[in-house]
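Please look through the structure shown here before reading on. The text then goes through it step by step.

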Amino acid sequence: MENQLFQLKFTAKQLERQSKKSDKSEKEQKAKLKKAIEQGNMDGARIYAQNAIREKNQSLNYLRLASRIDAVASRVQSAIRMKAVTGSMAQIVKAMDKSMKQMDLEKITKVMDQFEKQFEDLDVQSEYVENAMSQTTTLSTPADQVDLLISQVADEHGLELAGQLGAAVPSSSTTVSANAEQDELAARLAKLKQKS
């Protein structure tokens, strides 16, 4: 599975590079378009404009595909982690079996404590992974969050949107509560990593 994960990440990186190449090509076509307009060559300008639009669409398609592949890679990575936890739990169950046969209460208690710890770790990890997976795919990204980010970037660079966004910008309280929940999960996961 690790090999597939590597291949998925590698493919996503390649697609991102292709997207950047298309962006660069789009800019070149726009420069040629400007030059053709300055020279009064409208037929050439039309061709350059079509090329620029095609390159922009290709760039967006590469990015969409890279995002989808990245989401799949995230799911594969969580499966690898779950497999490791499952193996660890199986070892604990075997140890529990041996302890039960020997009826050594100290060993049984130690194994049960370890099992409970593993189970709690699994709960936190699965909750974190589920939360992360629900936020990874671009298809499930809420439009209001996308619009908010676009507005923020536009404000940072002093750009005018002039009503181009369809959805209203959400209140900051919903964003703060979502961030607080994410921070809490990350803190719990960090605690678990420190214990291990």
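The paragraphs below start with the whole chain and then turn to single residues and surface patches.

The model is a predicted one. Its chain holds five helices and zero strands, and the order of elements along the sequence reads α-α-α-α-α. Of the 196 residues in the chain, 24% are buried. The accessible surface amounts to about 14,300 Å², and carbon and sulfur atoms contribute 55% of that surface. Among contacts in the chain with a separation of 6 or more, 68% are between residues 24 or more positions apart.

One pair of residues gives a view of such sequence separation. Gln18 belongs to helix H1, a helix that covers residues 2-38. In sequence, Gln18 and Ser59 are 41 residues apart, while in space their C-alpha atoms are 7.2 Å apart. Ser59 falls within the range of helix H2, residues 42-102. Is Gln18 buried, partly exposed or exposed? Its relative accessibility is 33%, so Gln18 counts as partly exposed.

Glu55 is also part of helix H2. What does Glu55 touch once its neighbours within four places in sequence are set aside? The contacts of Glu55 are then with Ser22, Ser25 and Glu26. These three residue numbers lie within residues 2-38, the range of helix H1. Glu55 has a relative accessibility of 12% and therefore counts as buried, because the cut-off for buried is under 20%.

The charged surface comes next. Lys13, Arg17, Lys20 and Lys21 form a positive surface patch. Arg17, one of these residues, is placed in helix H1. With a relative accessibility of 46%, Arg17 is classed as partly exposed. That value lies between the limits of 20% and 50% used for this class, and it is also over the 30% that a residue needs in order to be part of a patch.

A patch of the opposite sign, negative, is made up of Asp113, Glu116, Glu120 and Asp123. Where is Asp113 placed? Asp113 sits in helix H3, which runs over residues 105-136. The relative accessible area of Asp113 is 46%, so this residue is partly exposed.

Taken together, the residues followed here include a buried one, Glu55, and partly exposed ones, among them Gln18, Arg17 and Asp113. The two charged patches described are the positive one with Arg17 and the negative one with Asp113.

Conventions. Residues numbered from 1 in each chain as written. Predicted model: local features only at pLDDT ≥ 70, side-chain atom pairs only at ≥ 80, totals over all residues. Heavy atoms only, no water. Helix = DSSP H or I, 4+ residues; strand = E, 2+ residues; numbered from the N terminus. Buried < 20%, exposed > 50% of the residue type's maximum accessible area, 1.4 Å probe, protein only. Contact = heavy atoms within 4.5 Å. Areas by Shrake-Rupley, 256 points an atom, 1.4 Å probe, with all protein chains shown as cover. Patch = residues over 30% accessible without salt bridge, like charges linked within 9 Å, V, L, I, M, F, W, Y side chains within 5 Å. Salt bridge = Lys/Arg side-chain N within 4 Å of Asp/Glu carboxyl O. Lys, Arg positive; Asp, Glu negative; His and termini not counted. Charge placed at Lys NZ, Arg CZ, Asp CG, Glu CD.
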